[in-house]
Amino acid sequence: MDERWLSVEEIAEYLGVSKDTVYAWVSSKRMPGHRVGRFWKFKTAEVDEWVRAGGAAVAGSDRDEGEPADGAPSRRLDR
């Protein structure tokens, strides 16, 4: 039997992110989803492949090693 289609709420829970994040990824990061009328539907296999390919990677992942993800300077104290 084929896997069922998941809603925005279900795929957000599956990925551990908010619904707003799912909508943002669909519009800006080309997260694989399909419009069915006014609803978005997702296949976990397609989303898993997208994640493994780096589709959900945090923007700015080319930051300096040791720099916090938020881009703030590290607070290293030299002793």
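Me: Happy to look at this one with you! In which order do the elements of the protein chain run from the N terminus on?
Reply: This is a predicted model, so let us read it as such. The chain has three helices and two strands. From the N terminus on, the order of these elements is α-α-β-β-α.

Me: Thanks! What percentage of the residues of the protein chain count as buried?
Reply: The surface is a good place to begin: the chain exposes about 6300 Å², and carbon and sulfur atoms supply 49% of that area. As for burial, the chain has 79 residues. The share of them that counts as buried is 19%.

Me: Which helices each supply at least two residues of the largest nonpolar core?
Reply: That core has eleven residues, among them Leu6, Val8, Ile11, Trp25, Phe42, Val47 and Trp50. Several helices contribute, each with at least two residues: α1 (8–15), α2 (19–28) and α3.

Me: Nice. Which residues does Val47 touch, not counting residues up to four places away in sequence?
Reply: Val47 is itself one of the residues of the largest nonpolar core, and so are Ile11, Met31 and Phe42. With close sequence neighbours set aside, the residues Val47 touches are Ile11, Leu15, Met31, Pro32 and Phe42.

Me: Are α1 and α2 roughly parallel or roughly perpendicular?
Reply: Two packed helices are described by the angle between their axes and the distance between the axes. For α1 and α2, the angle is about 100° and the axes are 8 Å apart. Angles of 65 to 115 degrees count as roughly perpendicular. That makes the arrangement of α1 and α2 roughly perpendicular.

Me: And which residues in α2 meet α1?
Reply: On the α1 side, the residues involved are Val8, Glu9, Ile11, Ala12 and Leu15. Their partners in α2 are Lys19, Val22, Tyr23 and Trp25.

Me: Is Val17 buried or partly exposed?
Reply: Val17 sits in the loop between α1 and α2, where it touches Ala12, Val22 and Trp25, leaving out residues up to four places away in sequence. Its relative accessible area is 26%. Buried would require under 20%, so Val17 is partly exposed.

Me: Which residue has a positive phi although it is not a glycine?
Reply: Most residues other than glycine have a negative phi. Here is a residue that goes the other way, with a phi of about 60°. It lies in the loop between α2 and β1 (34–36) and counts as exposed because its relative accessibility is 75%. The residue is Arg30.

Me: Let us turn to α3. Which residue has a side chain joined to that of Thr44 by a polar contact?
Reply: Thr44 lies in helix α3 (residues 44–52) and is buried, with a relative accessible area of 18%. Leaving aside neighbours within four places in sequence, Thr44 is in contact with Glu3, Leu6, Ile11 and Tyr14. The polar contact, at 2.4 Å, joins the side chain of Thr44 to that of Glu3.

Me: One more: which residue's backbone oxygen does the side chain of Trp50 reach?
Reply: Trp50 is found in helix α3 and is buried at 11% relative accessible area. Beyond neighbours within four places in sequence, its contacts include Trp25, Arg30, Met31 and Pro32. The C-alpha atoms of Trp50 and Met31 are separated by 6.8 Å, although these residues are 19 apart along the chain. The backbone oxygen that the Trp50 side chain reaches, at 3.2 Å, belongs to Lys29.

Definitions and conventions
Residues numbered from 1 in each chain as written. Predicted model: local features only at pLDDT ≥ 70, side-chain atom pairs only at ≥ 80, totals over all residues. Heavy atoms only, no water. Helix = DSSP H or I, 4+ residues; strand = E, 2+ residues; numbered from the N terminus. Buried < 20%, exposed > 50% of the residue type's maximum accessible area, 1.4 Å probe, protein only. Areas by Shrake-Rupley, 256 points an atom, 1.4 Å probe, with all protein chains shown as cover. Polar contact = N/O pair within 3.5 Å; in protein donor to acceptor, adjacent residues only side chain to side chain. Contact = heavy atoms within 4.5 Å. Core = buried A, V, L, I, M, F, W, Y, C linked by side-chain atoms within 4.5 Å. Axes fitted to C-alpha atoms, helices over the stretch in contact; angles between N-to-C directions. Parallel < 35°, antiparallel > 145°, perpendicular 65-115°, else oblique.
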